[in-house]
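Let's take a walk through a protein model together. Keep the 3D view open and look things up as you read.

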Amino acid sequence: MSATPYPLEGVVSWNMNTTCNYRCSYCTQRFKDSRKQWARDLPRFIEAFTSLPGDWEIKLSGGEPLRHPGFSEAVAALAAAGMRVSVVTNLSASREILARFAADTAERPGLLSASLHLEYADPVAFLDTLRWLAPQYAGRVCVTAVATRDNLPRLPGLSAMFEEAGIRFKVQPEKQDREVIAYTAAEQDALLALGGHNHTGRIAPDFFGRPCWAGARYFIVDHLGEAWRCYPARRYRKEYLGSILSPDFSLAFEARPCPYRYCNCTVPQQRGMMPTH
Ligand code: SF4
Ligand code: SF4
């Protein structure tokens, strides 16, 4: 199978902190030793990201990245250096911080992916915040929700509510112990009717053996600077790229075969970084 064309814009997912004001029952980080860590030396991180070769988008996530004490400063510095900046947020930050994010990313906007956590957030208030933000944010907005068994019956109604407001609504399968939970056939049908994982049309994609640009034009970085090819790579502690803060950090030059059986990295999937059909 041939690789897809060279992705002109690379993407880095930066998990800039483990801190979060929520404690969702399905959070994949809830077993971490410390939920109180964040990237400390922001100028070194900014220098490392802005020194990447070619054109890059940086996708900020956590934890809850807007709880990082230097979030707004990091966004402003990355945007000023010409990077496209996107964010994954639970949307609980103050309107002042959200407005500042919109203003600072106006030149080269990305995606604001708003995670609706039904154990904490009221969907109507959540939509109100997005309606308030929309006129001042130049980028795209989508809403995601985790399809726990309890949530699943509510998701079609929520999808209709957000889609009616012109906002894409995506579902994410629940994971336990690194794997998607054992949904029944009826639950799988319900998930696929909602578009599958992040509208990919699949619940647990498997691209084993296919050439993928992750590791060359996509990678992930944690709050300490440790970089891996993609999320499954970090999960299995394989294909470590080094610390982005160190001279040893290196990216591949070409697409390489995927060695994993479950790909939950929707950024490379949706940016055409591997053949998905
Ligand atoms: S908002 Fe996100 S990071 Fe925070 S507890 Fe929930 S799933 Fe985890
Ligand atoms: S798991 Fe996904 S992102 Fe990672 S190498 Fe495989 S196809 Fe690429």
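## Before we start

Helices and strands here are DSSP runs, numbered from the N terminus: a helix (H or I) has at least four residues and a strand (E) at least two. With that in hand, you can place Gly63: it lies in the loop between strand 2 (55-61) and helix 2 (71-80). Keep in mind that this is a predicted model.

## Around ligand 1

Gly63 is also one of the residues around ligand 1. The others in that shell are Cys20, Tyr22, Arg23, Cys24, Cys27, Arg35, Asn90 and His117. Sorted by class, the shell has four nonpolar, three polar and two charged residues.

Now look at the backbone just before Gly63. The peptide bond from Gly62 to Gly63 is cis, with omega near 15 degrees. That's worth a second look, because most peptide bonds are trans.

## Around ligand 2

Where does ligand 2 sit? You'll find it in the largest cavity. Its surroundings are Phe207, Cys212, Ala214, Arg229, Cys230, Pro232, Cys258, Tyr260, Cys263, Cys265, Pro268 and Met274. By class, that makes 11 nonpolar residues, no polar ones and one charged.

Are Cys212 and Cys263 buried or exposed? Buried means under 20% relative accessible area. Cys212 comes in at 9%, so it counts as buried, and Cys263 is buried too, at 10%. You may have spotted plenty of cysteines in this shell, but the structure holds zero disulfides.

## Strand 10 and its neighbors

Strand 10 covers residues 218-221. Tyr218 and Ile220 point one way, Phe219 and Val221 point the other way, and all are buried. This fits a general pattern: in a regular strand the side chains alternate between the two faces of the sheet.

Strand 10 has partners as well. It runs parallel to strand 1 (residues 9-15), joined by four bridges, and Ile220 is the bridge partner of Ser13. With strand 11 (residues 226-228), strand 10 pairs in the antiparallel sense over two bridges, and here Ile220 stands opposite Trp228. Strands 10 and 11 form a hairpin with four residues between them, and Gly225 in the turn has a positive phi of about 105 degrees.

## Two unusual phi angles

Most residues other than glycine have a negative phi. Now check the loop between helix 7 (231-235) and strand 12 (240-243), where Arg237 sits. Arg237 has a positive phi, near 55 degrees, and with a relative accessible area of 59% it is exposed.

Glu239 lies in the loop between helix 7 and strand 12 as well. Its phi is positive too, near 50 degrees, while its relative accessible area of 25% makes Glu239 partly exposed.

Conventions. Residues numbered from 1 in each chain as written. Chains lettered and ligands numbered in written order. Predicted model: local features only at pLDDT ≥ 70, side-chain atom pairs only at ≥ 80, totals over all residues. Heavy atoms only, no water. Near = heavy atom within 4 Å. Nonpolar A, V, L, I, M, F, W, Y, C, P; charged D, E, K, R; others polar. 1 Å grid on protein atoms, 1.4 Å probe; cavity = no way out; pocket = protein on both sides within 12 Å on 5 of 7 lines; lining within 4 Å. Sits in = over half its atoms within 2 Å of the grid points. Buried < 20%, exposed > 50% of the residue type's maximum accessible area, 1.4 Å probe, protein only. Pairing = 2+ DSSP bridges. Disulfide = S-S within 2.5 Å.
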